[in-house]
Every structure is written in structure tokens, then in C-alpha cells.
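User: I'm new to this one and would like to get my bearings. Could you walk me through how its pieces fit together?

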Amino acid sequence: MTTAVDEVPLARPVLGEPEERAVLEVLRSGQLSLGPRLPEFERRFAQRLGVPHASAVSSGTAGLHLALRAVGVQAGDEVVTSPFSFVASANAPIYEGARPVFADIDPHTLNLDPDAAEAAITERTAALLPVHIFGFPADLPAFERMGLPIVEDACEALGAVHADGTPVGGRGHPAVFGFYANKQLTTGEGGLIALDGPERKQRIDSERNQGRAPDMGWLDHDRLGFNYRLTDIACAIGLAQLDRLDGMLAARARVAGWYRELLDDVEGLDLPCRDQHGDVRGWFVFVVQLPRGVDRDATVRALRERGVQSKPYLPAIHLMSFYRERFGHRPGEFPVCEDVAARSLALPFFPELKQEQAERVATALRSVLAR
Ligand SMILES: Cc1ncc(COP(=O)(O)O)c(C=O)c1O
């Protein structure tokens with residue numbers, strides 16, 4: 001899809017001279033992978049979250065895979081998770097021969113509903129995989145009371161904070177972040193698992209690196225491994241992005257504030273839930289739910305004609321063709337998720353979005369909905 005010069009794009013990373021300098025330094029050092037930027041990036045990220053360890057990996061998806069292995073998920077197990085997520089959180093258990101078991105979401109936060117999740121637990125449930133969707137903290141205290149291992153999908157939730165003041169990802173469960181280009185912090189592609197103990201870090205560091213033995217001796221492999229390494233080039237970009245993360249998060253929150261002011265009174269339009277009970281969102285996307293009965297595809301086209309990009313986001317995972325065919329899912333199983341998925345639309349959202357662009361987006365959406 002080409003972008004007209006003055007079209008408001010959906011997303012755009014903040015990249016500049018610090019990232020350029022960081023990349024050049026790595027290129028000039030000649031050590032492009034397994035160099036000093038990797039442990040430095042992990043240490044600084046862990047410090048930010050207040051966790052003792054972190055393992056950087058090649059993507060959020062790779063992180064989810066290794067995190068599930070780390071909590072012991074095996075073939076034949078079940079993992080209870082959200083059908084309203086990016087597909088990777090549901091796919092990850094399948095890599096291990098386990099089954100993702102969906103439960104419906106909370107209509108307000110759009111996160112996995114703890115009561116529904118609890119009802120989906122069986123004797124085969126090996127883990128819970130809540131997703132902090134659109135950067136809003138999942139109800140971790142409720143999931144923790146269920147007494148099962150937890151892996152957190154925090155790919156969209158950098159900067160989010162739980163009601164008790166703990167950063168999302170800092171509660172002691174393996175928590176996975178993603179650094180794809182649309183994320184709060186990007187390394188192009190990349191991910192990281194926040195970890196509570198050295199044993200898990202040792203296992204994950206080995207598994208991401210082809211199952212190397214603990215001394216990491218070259219060509220000494222004592223377990224099944226993968227190539228899920230993150231390059232030093234990516235880690236250098238990540239370090240430069242960490243330096244400017246607070247500013248980028250604040251800019252995203254500012255843009256969200258403009259949209260809320262501009263769109264709050266549009267009848268039937270649901271905006272992202274406000275921070276509540278002390279939980280604070282780490283702003284990732286600005287996704288609205290269109291009024292019921294509005295043709296979403298026609299809305300996307302009409303917005304495009306007015307120079308505004310938008311995207312249906314996210315589809316219900318259980319209704320994707322692979323999931324229907326593999327697990328026999330059918331419409332009607334998770335009504336809240338299905339209703340939200342049918343109406344949700346992502347608007348342009350990135351730190352450098354200007355106030356006049358937000359106004360253009362809001363004016364365009366209002367005029368399209370008023371037709
Ligand atoms: C909720 C969620 N889970 C998992 C992922 C997968 O991350 P990645 O694209 O880095 O593999 C993403 C990112 O796209 C995501 O948004």
C-alpha cells in the first residue's frame with residue numbers, strides 16, 4: 001500500500017541520530033552477534049522493570065515459545081489464554097504440542113476475564129497465558145490466585161504499571177516483550193523475556209543459542225535448542241531506544257489524550273478504557289470500537305479517501321481458518337471477544353503524531369460516522 005505524502009500513517013517508529021551512531025559503532029567493532037550489547041541491553045531492561053534477569057531473543061514470538069518451555073509446558077498440555085490477541089500468543093503453545101484453550105475477555109479492559117479463565121482450567125492445564133492487550137495491565141493478582149504457572153504476554157505493554165506500582169513484567173513470572181517496528185521500543189525485530197531466577201535465564205540463554213552447554217562452549221550442545229538470538233546491532237538500537245523510552249511513552253500518552261478529548265462524545269463509539277483502580281496503560285495503539293451496525297470495511301475506505309490510514313485490529317483468533325480447522329472452533333463461543341473483534345479499528349498512533357494530525361483523524365472519523 002503506498003502512502004500519499006500527507007496521509008496520516010498508522011504507525012511510525014522514532015529513530016534518529018542516536019540509533020544511527022549505535023549501529024555504526026557495532027558495525028565498526030566487527031562483533032555483530034553475541035557481543036557486549038546483548039548483556040548490556042538485558043541488564044538495563046531488567047533494571048527498568050525491577051527484575052533480576054532478562055534474556056533478549058529474536059522476537060516476541062520466540063520469547064513466548066521459550067517462556068512456555070521454561071515453565072514446563074509439554075505436549076498434551078493445555079494453556080489457557082485470550083482469543084483477543086495477536087495470533088502469536090495462541091500459536092506458541094502449539095509449537096510444543098500443547099493446546100491453547102481460550103476463555104472470553106472482559107468487555108471493558110479487553111483482557112482475558114479471570115472468571116472465564118478459571119472456568120476453562122482442567123487437569124491438563126499446565127499454564128495460564130494472559131495477554132496485556134493494547135498495553136492495559138491484565139489482572140495478574142486474580143490469575144496468581146489460581147496457583148498455576150503463568151507466562152505473561154507483555155509484547156504490547158512496555159510502560160504499563162499494575163495497581164500496586166509494579167511495572168508490567170515485574171511480578172516474577174516469565175514476561176515477554178516484543179520489539180517489532182510498531183512497538184513502544186523497537187529493534188526492528190526482537191523480543192525479551194523478563195525473568196525471576198538464574199536457572200531460567202541459564203536455560204533460556206542456552207535454548208535461544210542452539211542448546212549450548214552452560215559454559216557456552218562452541219559446538220557443545222547438551223539440549224535441544226533454537227536460533228532465537230538477537231543481534232548486537234539490534235541490541236544497540238534497543239539501548240538507544242531505552243535512553244529515549246520515557247519521552248516516547250509520554251508522547252504516546254499525550255496523543256491518546258488528544259484522541260480522547262476529540263472523540264469522547266461520538267455516540268456509540270467506544271474508546272480504550274481509562275486507567276482504573278490504579279492500573280496504568282502503557283500506550284501502544286489507539287483502538288476504538290465502532291458503533292454497532294457501522295460497516296467497518298466501508299469506514300476504512302472512507303477514512304482512506306480522507307487521507308487517514310486505519311486497520312481492523314484485532315481479529316478473534318479462534319475464528320481464524322487454521323484455528324477453526326485444527327480445533328473445531330465456531331462463531332458464538334466467545335461472544336464478548338467476537339463483538340469487540342468485529343468492531344475494533346486502530347487509528348494512526350505514534351509518538352510523533354502531531355495534534356493537527358489527530359484533529360484530522362478525528363474530523364474524518366466523525367464525518368464518516370455521520371454519513
Ligand atoms: C500481543 C502480542 N503477542 C505477541 C506478539 C509477537 O511478537 P513478534 O512480532 O515480535 O514476534 C505481538 C507482536 O506483534 C503482540 O502484539
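User: Let's start with a pair of helices. Which hand does the crossing of α3 and α4 have?

Analyst: Keep in mind that this is a predicted model. Helix α3 covers residues 60-70 and helix α4 covers residues 88-95, and their axes are 9 Å apart. As for the hand of their crossing, it's right-handed.

User: And are α3 and α4 parallel, perpendicular or oblique to each other?

Analyst: The two helices pack at an angle of about 45 degrees. That is over the 35 degrees below which a pair counts as roughly parallel, and under the 65 where roughly perpendicular begins. So α3 and α4 are oblique.

User: What kinds of residues make the contact of α3 with α4, and how many are charged?

Analyst: From α3 come Thr61, Leu64, His65 and Leu68, while α4 brings Ala88, Ser89, Ala92, Pro93 and Tyr95. Sort them by type and you get six nonpolar and three polar, and the number of charged ones is: none.

User: Now the sheet. Which strands stand at its edges?

Analyst: It's an open sheet of four strands with mixed pairing, in the order β1-β7-β6-β5. A strand at an edge has a single partner, so one side of it is left without a neighbour in the sheet. Here the edge strands are β1 (53-57) and β5 (152-153).

User: In which sense do β5 and β6 pair?

Analyst: Strand β6 spans residues 175-178, and two bridges join it to β5. Glu152 stands opposite Ala175 in β6. The sense of the pairing is parallel.

User: Which strands does helix α2 touch?

Analyst: Helix α2 (residues 37-49) packs on the sheet, and its direction makes about 130 degrees with that of β1. The strands α2 touches are β1, β6 and β7.

Methods: Residues numbered from 1 in each chain as written. Predicted model: local features only at pLDDT ≥ 70, side-chain atom pairs only at ≥ 80, totals over all residues. Heavy atoms only, no water. Axes fitted to C-alpha atoms, helices over the stretch in contact; angles between N-to-C directions. Parallel < 35°, antiparallel > 145°, perpendicular 65-115°, else oblique. Left-handed = near helix turned anticlockwise from the far one by under 90°. Contact = heavy atoms within 4.5 Å. Nonpolar A, V, L, I, M, F, W, Y, C, P; charged D, E, K, R; others polar. Pairing = 2+ DSSP bridges.
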